[in-house]
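Thanks for making the time this morning. I would like to walk you through one structure, slowly, and I will put it on the screen now.

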Amino acid sequence: MNTPAYIFDVPKFTARLKQFSDLRQKTRFKLLYSIKALPIPAVLGAMLPYVDGFSTSSLFEAKLAREVMDDQGVIHITTPGFREEELGELVKVCDYLSINSLNQWQRFSEYLGDSIKAGIRVNPQLSFLNDDRYDPCRQYSKLGVSIDQVQGLEGLSGLHFHSMFGSENIEPLRETIEKIEAKLANLLHQLEWINLGGGYVFTDQAMIEEFDKIVCRLSDQYDLTVFFEPGKGIIGDAGELVTEVIDLFESEGKNIAVLDSSVSHHPEIFEYQQSPTIKEAVSNGIWNGILAGCSCKSGDLFGEYNFPHPLQIGSRITLLNVGAYSLVKASRFNGINLPDVYLKKDDGKLELIRHFEYSDYKKFWKSE
Ligand SMILES: *Cc1c(COP(=O)(O)O)cnc(C)c1O
């Protein structure tokens, strides 16, 4: 295997999806995978037996999801800003469409008519995140209609909300539902469905069981189909990025190991100034150094780590838990090629599914 390379572990992400199998059987629960986290058709195809459909945020995502599924399964779409000229195609491809503002509801809901189930994205205005950059309930939020303004909308079939990111605890969901019930119980009785968004990462069976209870109660009490559309919770820990050390030197007494990758291959490291988990690193090692990317940006750094032995040219360095929001945000900044993409199959074998080369780079910039 050449580096850099992403490896997406099929048994791992299908196991995540299978955690919801019981729930899908015993109640009107529908599991959608939010494809924006990683929209590779081979990955979506491997998910098909375990999902009811896909959740999307644009026409392109919706079309890709529809191509993978043919006419099986459902597609939900929401975006802060539908384009009028795309609505005709969207109603053909999608089954559920949640509008983000009252203004777009007034302009588009009549047009949507019976050909699609029209919902509204509600902002529950209950904030659990302390970073505004990924808090949908931040002040002056652009995401959804205030919970106090969602009443009396003609033709409304469901409610959508998505107000969390990366939560390993189900409590925020419970509190959010409580608030929605307190304010909108009458409306819930009139609707057909509710979409709980994503934003949760299930760490243990107890969390799944708590989630099951919430879904069953919503479904029983209000006679609703309940959608859940996680992205990172499904694919996050099923992806790794394997890189190699291509240079080693000291800078003012600190070891620097330059990798054949860059933060452009997982921009959230730079965006949120996080240090990824490195498989080969240890907390107390004999060798310490900064893992740096090979682009021109001085902040192209993965972080400072300890290793049980000195790194060498050719040492493999593996970033763990980078399945979500990595490849989909990756760029060829500096003309550095994108990593290869492998699927790790049920038998443990690696299958190369994508390889990029100079012609791909050139095609992006030049039409002929
Ligand atoms: C991003 C997003 C999701 C998936 O979020 P994760 O944090 O990856 O689970 C689901 N629904 C909506 C509306 C989103 O914007």
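Let me begin with a question: which atom of the ligand lies 2.9 Å from a backbone N or O atom of glycine 231? It is an oxygen atom of the ligand, and before I go further I should say that what you are looking at is a predicted model, so please hear every distance as a value computed from that model.

Staying with the ligand, a second backbone contact comes from lysine 232, where a polar backbone atom is 2.8 Å from an oxygen atom of the ligand. Lysine 36, by contrast, uses its side chain, and a polar atom of that side chain lies 2.7 Å from a ligand oxygen. On its own the ligand has 380 Å² of accessible area, and the protein covers 90% of it.

If we step back to the surroundings, the ligand sits in the largest pocket, and 14 residues surround it, the closest being Lys36, Gly199, Glu229, Lys232 and Tyr325. Sorted by character, this shell is made up of seven polar, four charged and three nonpolar residues.

Turning to the protein as a whole, the domain assignment gives two entries, with domain 1 running over 52-230 and domain 2 over 236-365. The C-alpha centres of domain 1 and domain 2 are 34 Å apart.

I would like to finish with two details of the backbone, and for these it helps to recall that most residues other than glycine have a negative phi, and that most peptide bonds are trans. Near the start of the numbering, threonine 3 and proline 4 are joined by a cis peptide bond, with omega at about -5°, and proline 4 belongs to the segment before strand S1, which covers 5-9. The other detail is glutamine 125, which is not a glycine and yet has a positive phi of about 50°; you will find glutamine 125 in the loop between strand S6 (117-123) and strand S7 (145-146).

Definitions and conventions: Residues numbered from 1 in each chain as written. Predicted model: local features only at pLDDT ≥ 70, side-chain atom pairs only at ≥ 80, totals over all residues. Heavy atoms only, no water. Near = heavy atom within 4 Å. Polar contact = N/O pair within 3.5 Å; in protein donor to acceptor, adjacent residues only side chain to side chain. Areas by Shrake-Rupley, 256 points an atom, 1.4 Å probe, with all protein chains shown as cover. 1 Å grid on protein atoms, 1.4 Å probe; cavity = no way out; pocket = protein on both sides within 12 Å on 5 of 7 lines; lining within 4 Å. Sits in = over half its atoms within 2 Å of the grid points. Nonpolar A, V, L, I, M, F, W, Y, C, P; charged D, E, K, R; others polar. Domains from an automatic or database assignment. Helix = DSSP H or I, 4+ residues; strand = E, 2+ residues; numbered from the N terminus.
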